[in-house]
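Visitor: I'd like to walk through this one and ask how you back up the terms you use. Can we take a look?

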Amino acid sequence: MKQEPIYDCIVVGAGAAGLMTAIQCANHSVNVVLLDSKNKIGAKILMSGGNRCNVTHVVVTEKDYGTSHPRFVRNVLKNYSQEKTKDFFQDIGVNLVVEDTGKLFPSTHSARTVLNALVQECSKKKIPIKNNHKVNSLCFLNNLFLVKGEGFSLYAKTVVLSTGGLSHPTTGSDGSGYQLAQSFGHNLVETSPALTPLNLKDSDWNSLSGISFTCELTLWVDGKKKKSFKDGFLFTHTGLSGPTVLNISRDWERLRKIGKVKILANFLPDHNSEEWKQRLEKAILKFPKKNVRRFLSEIFPERFVDVLLKKISLEKNKILNQLSKQNKNNLIQGLFAYEFRPEGVVGYSKAEVTAGGVCLDEVNAKLLESFRQEGLFFSGEILDVDGRIGGFNFQWAWSSGYLVAQGVRNRLKSKGVE
């Protein structure tokens, strides 16, 4: 039987963070191998950004992330900024283009370009990628890590857990990395789906499936404004989706467990209610015989107008000059502060990322090495860090992968490995 080598580093998980970690380790002349549980790697990369892969954003700060330790996140981002990400992808043959939103995509607008470039870089640096290698146990014996799974046992001086969270479990993110971390005494910040659609059991709104426009959603908890997002908004046959819904889903799901939550929708985010009160009064004077449905349909899709008017108890054929003061107030309220009452989030099956994860109190912010076990590191989504939509989760993968590689190099040097 062939004797397996003792690796300098084993990276568990060949997603964005794992690939970046391995490449950066190789840049430090670390003998590294990548293990992945699936037959084909990079499924999340391929499905991201509408299959275009939103690699990063022109501006990235710790404020773009949900975490209990923003200073920790700031330190990691500072060490590997979005500018360095752009340079890295340029160097491996991926040209990035900036959209008006500030999002950066490959110029090919294909996520396959990103994955292929990362895999080719691994090949160029002679980094083995072992598919169908699901790690079932991890232990530290005689100054080495023993990494075991069905049909294999590997030894390494250091190990990096880049296994992701629980989102899109069919891609391999099944939470097994959390269990491996816990086997070394790590605690988890409670996990929940993030960047996920919201379920809405309302046949009226659900009948609008496919209708989309820009909307601002604001989350209120116990009467206090907590979060607000303005972006694309989409009705689906089961509820609400689109970037603004995905962004607010994380906090709605987590905060509803500790307080009374409310989501208010502003369907005219580029206007204000006072301006619209005046616009309505002018319309009444200029077009007194126009009905309210025709008035609103100049701005919104007719199907949306019909449902909104039904929800605010305003007859769609009501003539403008017949609107009562209460009718006008209801209309303005409906346009600028309509309350949606979701039943819940769609969940991990559709979530783009997992909130919560390995507690940052137990990880060195400078090297991403475990305080519980020397030589054990973490990169990517497994940690208690999750970004909003716009390339922020990928930037966290690139930044944390870069920093971990430095930590691995330093740990190996301390062991006398050059």
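Guide: Sure. A residue counts as buried when its relative accessible area is under 20%. Keep in mind that this is a predicted model.

Visitor: What share of the chain is buried by that cut-off?

Guide: Of the 418 residues, 55% are buried, so each of those falls under 20% relative accessible area.

Visitor: How do you know that α1 and α13 meet?

Guide: Contact means heavy atoms within 4.5 Å. Ala16, Ala17 and Met20 are among the α1 residues that meet α13, and on the α13 side the partners include Phe394, Trp398 and Tyr402. Those residues therefore have heavy atoms within that cut-off.

Visitor: And what describes how the two helices sit together?

Guide: Two packed helices are described by an angle and a distance between their axes. For α1 (residues 16–27) and α13 (residues 392–414), the axes come within 8 Å and cross at roughly 35°. The crossing is right-handed. By class, this contact has eleven nonpolar, three polar and no charged residues.

Visitor: What makes up the lining of the second largest pocket?

Guide: That pocket has a volume of about 190 Å³. Its lining has 14 residues, and Tyr65, Gly66, Lys227, Phe229 and Asp251 are the closest to its centre. Seven of the lining residues are charged, four nonpolar and three polar. Asp and Lys count as charged, so Lys227 and Asp251 belong to the charged group.

Visitor: Which element gives the largest share of that lining?

Guide: α8, with three residues.

Methods. Residues are numbered from 1 along each chain as its sequence is written. This is a predicted model: local features need pLDDT of at least 70, side-chain atom pairs count only at pLDDT 80 or more; totals for chains, interfaces and linings use all residues. Side-chain values use heavy atoms; hydrogens and water are left out. On a 1 Å grid over the protein atoms alone, a cavity is a set of points where a 1.4 Å probe fits but cannot get out, and a pocket is an open set with protein on both sides within 12 Å along at least five of seven lines; lining residues have an atom within 4 Å of a point. Grid points are joined across faces, edges and corners, and a volume is the space filled by probe spheres set on the points. Helices (H or I, at least four residues) and strands (E, at least two) are DSSP runs, numbered from the N terminus. Axes are lines fitted to C-alpha atoms, for helices over the stretch in contact, and angles run from 0 to 180 degrees between N-to-C directions. A crossing is left-handed if the near helix is turned anticlockwise from the far one by less than a right angle, and right-handed if clockwise. Buried means under 20% relative accessible area, exposed over 50%, partly exposed in between (1.4 Å probe, protein chains only).
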